[in-house]
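User: I have a model open and would like to talk through its contacts, its sheet and its charged pairs. Could you start by fixing what you mean by a contact?

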Amino acid sequence: MTSPGELMAAAVARTGLDDFGDDSFREGLGILVRALRDEARLNARGEAFVYDRIGLHLCQRLEVEDWYRRHPEIDDEPIDAPLFGLGLPRTGSTALSFLLSRDPNIRYLHSWESARPCPPTSTIAGDDPRIPPESRPLVVGTRHHVPNDIHGPTECLDLMALDFTSQNFQAFAQIPSYSDWLLERADFTSTYLYERRVLKLLQWGEPTRPWRLKSPAHVISLGFLDRVFPDARFVMTHRDPTDVMLSVADVYADIVSGFSDHVDRRYLGELNVKQWSTGMHRAMEFRTSGAEDRFYDIDFRAMQDDPIGEVRRLYAWLGEPVTEEFEDGMRAWWAENAEKREPHPKADAAAFGLDINTIRPLFATYVDTYLGDSHGN
């Protein structure tokens, strides 16, 4: 097994750099590595993938800090009023992010740059070495779980992983002590500060455009996000939680099963119910604490019925235009994605220990508040 110190030393040797920046990442890294050692029961493929991923994040921290050392003016880049997509997983938030990415006047986090933000795009002449030559995204698990395109948008989770405070890791491995820390004790302030630091690096040297970012995971840490992005606005997607929990637990099982020969589906069911019921409670508390006017709501059913109309209404709320080019791009993507969409067999709820009658009460207030007969705002 590998210690945090050994992982960091390997990153230093690989890059020739030695400044990791603020030490805040060390807590999460230490908890993660102990959980991987004591709990994950990784197979050989899992060991290679997860520890390589940790090494990649450490190397990228070193490179981010080196770019700031050589170009301190990067810190002057403005990150104004970003729009964050969030909500329960499996609610259409990924499809929404792909639609929004068709707006030529915004900036989004590309799949190919999320794990490798360095070097900044503006410094690269010719082909970007971070883009796989086959232009196919990495598939973790046996199938694509959401719309996927190497040139399309992705979640904030890789940027959050640079601080080792990210749901990414619990999707790769069964690490209950890390998951408990993430939900109950982690301070995400440094996580979002580092995300902001990387966003500045990514847009440095390019025209300043508003960021469109997303991750369902933000619901568990909204108070911390607000401290770092106090002018952020939010689009929250909604769907009946009883339609969601089995689907997201099955996604976790599909990914973990490639990295461990000992998948505990009941644990994965419990993990997701706990994480997302807590997240919904925190999101509702945050909204009612004075942030309600910063949220726009989209019902999953409304997105399925009229995706372009929902984006138009969102943009009206933002006070921004939907150009003809933007709308044409959205229509083309929606039609293409509909053709590619493959149905997946429904998982066995009993295998995950999931019972609608025990799930529904945990989300009752959320369902009553956001899943009535009306769609959107």
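Analyst: Two residues are in contact when heavy atoms of theirs lie within 4.5 Å. Please keep in mind that this is a predicted model.

User: Fine, so with that cut-off, which residues is Asn168 in contact with, leaving aside neighbours within four places in sequence?

Analyst: Once those neighbours within four places are set aside, Asn168 is in contact with Leu157 and Asp158. Asn168 itself lies in helix α7, which covers residues 168–172.

User: Buried or exposed, that Asn168?

Analyst: Asn168 is buried, because its relative accessible area of 13% falls under the 20% limit.

User: And where is Thr165 placed?

Analyst: Thr165 sits in the loop between α6 (157–161) and α7, and at 3% relative accessibility it counts as buried.

User: What does Thr165 touch, if I don't count residues up to four places away in sequence?

Analyst: On that count Thr165 touches Met160, Tyr178, Trp181, Leu182, Ala186, Phe188 and Thr191. For one of these, Trp181, the separation from Thr165 is 16 residues in sequence and 9.3 Å in space, taken from C-alpha to C-alpha. There is also a polar atom of the Thr165 side chain that lies 3.2 Å from the backbone oxygen of Asp163.

User: Changing topic: what order do the strands take in the sheet?

Analyst: The sheet is open and built from five strands in the order β2-β3-β1-β4-β5, with parallel pairing. The edges are taken by β2 (107–108) and β5 (295–299), and since each has a single partner strand, one side of each is left without a neighbour in the sheet.

User: How many bridges are there between β4 and β5?

Analyst: Strand β4, residues 233–238, pairs with β5 in the parallel sense over five bridges. Within this part of the sheet, Met236 stands opposite Asp297, a residue of β5.

User: Which helices should I look at against the sheet?

Analyst: Helix α14, residues 307–318, packs on the sheet and touches β1, β3, β4 and β5, with a direction that makes about 170° with that of β5. Helix α9, residues 189–203, lies across β1 (83–87), β2 and β3 (211–214), and runs at about 135° to β3.

User: Now the charges. How many salt bridges does a search of the whole structure find?

Analyst: The search finds 26 salt bridges. One of them is formed by Arg69 with Asp66, where the closest N and O atoms are 2.7 Å apart. Both residues lie in helix α3 (residues 44–70), three residues apart, which is about one turn of the helix.

User: What about burial for Arg69 and Asp66?

Analyst: The two partners fall into separate classes: Arg69 is exposed, with a relative accessible area of 59%, whereas Asp66 is buried, with a value of 12%.

User: Which pair links distant parts of the chain?

Analyst: Asp226 forms a salt bridge with Arg294, and the closest N and O atoms are 2.9 Å apart. This pair links distant parts of the chain, with Asp226 in helix α10 (residues 222–228) and Arg294 in the loop between α12 (265–291) and β5, 68 residues apart. Asp226 is partly exposed, with a relative accessible area of 22%, while Arg294 is buried, with a relative accessible area of 16%.

User: And Asp306, how does its side chain meet that of Arg313?

Analyst: They meet in a salt bridge, at 3.3 Å from N to O. Asp306 is partly exposed, with a relative accessible area of 33%, and Arg313 also counts as partly exposed, at 38% relative accessibility. Elsewhere, salt bridges that share partners join Arg107, Glu113, Glu206 and Arg209 into one network.

User: Last topic: how many disulfides does the structure hold?

Analyst: The structure holds zero disulfides. For Cys118, the nearest cysteine sulfur is that of Cys59, 11 Å away, so the pair does not meet the requirement of sulfur atoms within 2.5 Å.

User: What about Cys156, where is its nearest cysteine sulfur?

Analyst: The nearest one belongs to Cys118, 17 Å away, and Cys156 is in no disulfide. Cys156 is buried, with a relative accessible area of 0%, and Cys118 is buried too, with a relative accessible area of 5%.

Terms used
Residues numbered from 1 in each chain as written. Predicted model: local features only at pLDDT ≥ 70, side-chain atom pairs only at ≥ 80, totals over all residues. Heavy atoms only, no water. Buried < 20%, exposed > 50% of the residue type's maximum accessible area, 1.4 Å probe, protein only. Helix = DSSP H or I, 4+ residues; strand = E, 2+ residues; numbered from the N terminus. Pairing = 2+ DSSP bridges. Axes fitted to C-alpha atoms, helices over the stretch in contact; angles between N-to-C directions. Polar contact = N/O pair within 3.5 Å; in protein donor to acceptor, adjacent residues only side chain to side chain. Salt bridge = Lys/Arg side-chain N within 4 Å of Asp/Glu carboxyl O.
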